[in-house]
Amino acid sequence: MSKIYLFVPFIFLFSACSLKGDACNPEQLSTRFQENQKITLTEDTENGTFSFTISEGDKKVFQYEYIGAECPEVIDDETGENFYFEIGSDLESFEYTDEELASIQAIYQPNGAWIAHLPSRITEGSVSGERISSSKWEISVDVVVGPFFEGGQTRNLTFKQIFTKI
């Protein structure tokens, strides 16, 4: 009988652990574009930063948004990232590299509990795309992002995704 009393707590422990994982919100990825939009940058020369807005315009604006998995019992596990750029509304395909990325307003913005949320311009790498239909583009990105603090490291943001018109 005493062996059963030792075994019962383990059953509750393992069942609680399995329930914990089920309560987590899975990671999410959204890839979309909007027509008749533009990205406008506003410089803060005093602090060496900038902000941006997306508003009505004559371009197509693309947004890649990744949100990492989140578990309610884990404090500060929020992570994510956004990547934005714009292209001319009449293009059927494109490829921009390195210094050309400034012409498409390529912007990266990390999100998370322990990350600065300031956007940064992308100046290294490549962004290319091809129109599949009036509502879909295949976009390939291989850019360098960061560092986000002094002494920090850069990393590559690399993906190939279908972006859908909203």
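A disulfide is a pair of cysteine sulfur atoms within 2.5 Å. I begin there because this predicted model holds one disulfide. Cys24 and Cys71 form it, and their sulfur atoms are 1.9 Å apart, which is within the 2.5 Å limit. The angle about the S-S bond is 110°, and the link between Cys24 and Cys71 is right-handed.

What does this pair tie together? Cys24 lies in the loop between helix H1 (2-22) and strand E1 (28-44), while Cys71 lies in the loop between E3 and E4, so the disulfide links parts that are 47 residues apart in sequence. Cys71 has a relative accessible area of 17%. Buried means under 20%, so Cys71 counts as buried.

Now the chain as a whole. The chain has one helix and 10 strands. Along the sequence, the order is α-β-β-β-β-β-β-β-β-β-β. Of the 166 residues in the chain, 30% are buried. If we take the contacts with a separation of 6 or more, 55% of them are between residues 24 or more positions apart.

A word on confidence. The mean pLDDT of the chain is 86, and 84% of the residues reach 70 or more. Over residues 4-21, however, pLDDT stays under 50, and the model has one contact beyond four places in sequence for that stretch. Where pLDDT is low, the predicted coordinates should not be read in detail. I will leave that stretch alone and move to the core.

In soluble globular proteins, nonpolar side chains tend to be buried together. Here the largest nonpolar core has 22 residues, and Phe83, Phe85, Val127 and Val143 are those with the most contacts inside it. Which elements give two or more residues to this core? They are strand E3 (59-67), strand E4 (79-88), E5, E9 and E10. E9 gives the most, with five residues.

Take Val127 as an example. Leaving out residues up to four places away in sequence, Val127 touches Phe83, Phe85, Phe94, Glu95, Tyr96, Leu101, Ile104, Ser140, Val141 and Val143. Apart from the largest core lies another core, of six residues, and Phe50, Phe52, Tyr84 and Ile107 are among them.

Phe50 has a second point of interest. The charged end of Arg121 sits over the ring of Phe50, 4.4 Å from the ring centre.

That brings us to rings in general. How many aromatic pairs does a search of the whole structure find? The search finds 12. In one of these, Phe94 and Tyr96, the ring centres are 5.7 Å apart and the planes are at 40°, so the pair is tilted. The reasoning is that planes under 30 degrees apart count as stacked, over 60 as edge-to-face and the rest as tilted. Both Phe94 and Tyr96 are buried. They also belong to one aromatic cluster, formed by Phe33, Phe62, Tyr64, Phe83, Phe85, Phe94, Tyr96, Trp137, Phe159 and Phe163.

Next to Val127 in the sequence is Ser128, in strand E8 (residues 125-133). Is Ser128 buried or partly exposed? Its relative accessibility is 23%, so Ser128 counts as partly exposed. Not counting residues up to four places away in sequence, Ser128 touches Phe94, Glu95, Glu138, Ile139 and Ser140. Ser128 and Val141 are 13 residues apart in sequence, and their C-alpha atoms are 6.6 Å apart in space.

Last, the backbone. Most residues other than glycine have a negative phi, and most peptide bonds are trans. Three places in this model depart from that.

The first is Asp98. Its phi is near 40°, a positive value in a residue other than glycine. Asp98 lies in the loop between strand E5 (93-97) and strand E6 (107-112). With a relative accessible area of 31%, Asp98 is partly exposed.

The second is Gln105, with a positive phi near 55°. Gln105 is also found in the loop between E5 and E6.

The third is a peptide bond. Gly146 and Pro147 are joined by a cis peptide bond, with omega about 0°. Pro147 is in the loop between strand E9 (136-145) and strand E10 (155-165).

To close where I began: the disulfide joins Cys24 and Cys71, and Cys71 is buried.

Note on methods
Residues numbered from 1 in each chain as written. Predicted model: local features only at pLDDT ≥ 70, side-chain atom pairs only at ≥ 80, totals over all residues. Heavy atoms only, no water. pLDDT = per-residue confidence, 0-100. Contact = heavy atoms within 4.5 Å. Phe/Tyr/Trp six-rings, centres within 6.5 Å; stacked < 30°, edge-to-face > 60°. Buried < 20%, exposed > 50% of the residue type's maximum accessible area, 1.4 Å probe, protein only. Lys NZ or Arg CZ within 6 Å of the ring centre and 35° of its normal. Helix = DSSP H or I, 4+ residues; strand = E, 2+ residues; numbered from the N terminus. Core = buried A, V, L, I, M, F, W, Y, C linked by side-chain atoms within 4.5 Å.
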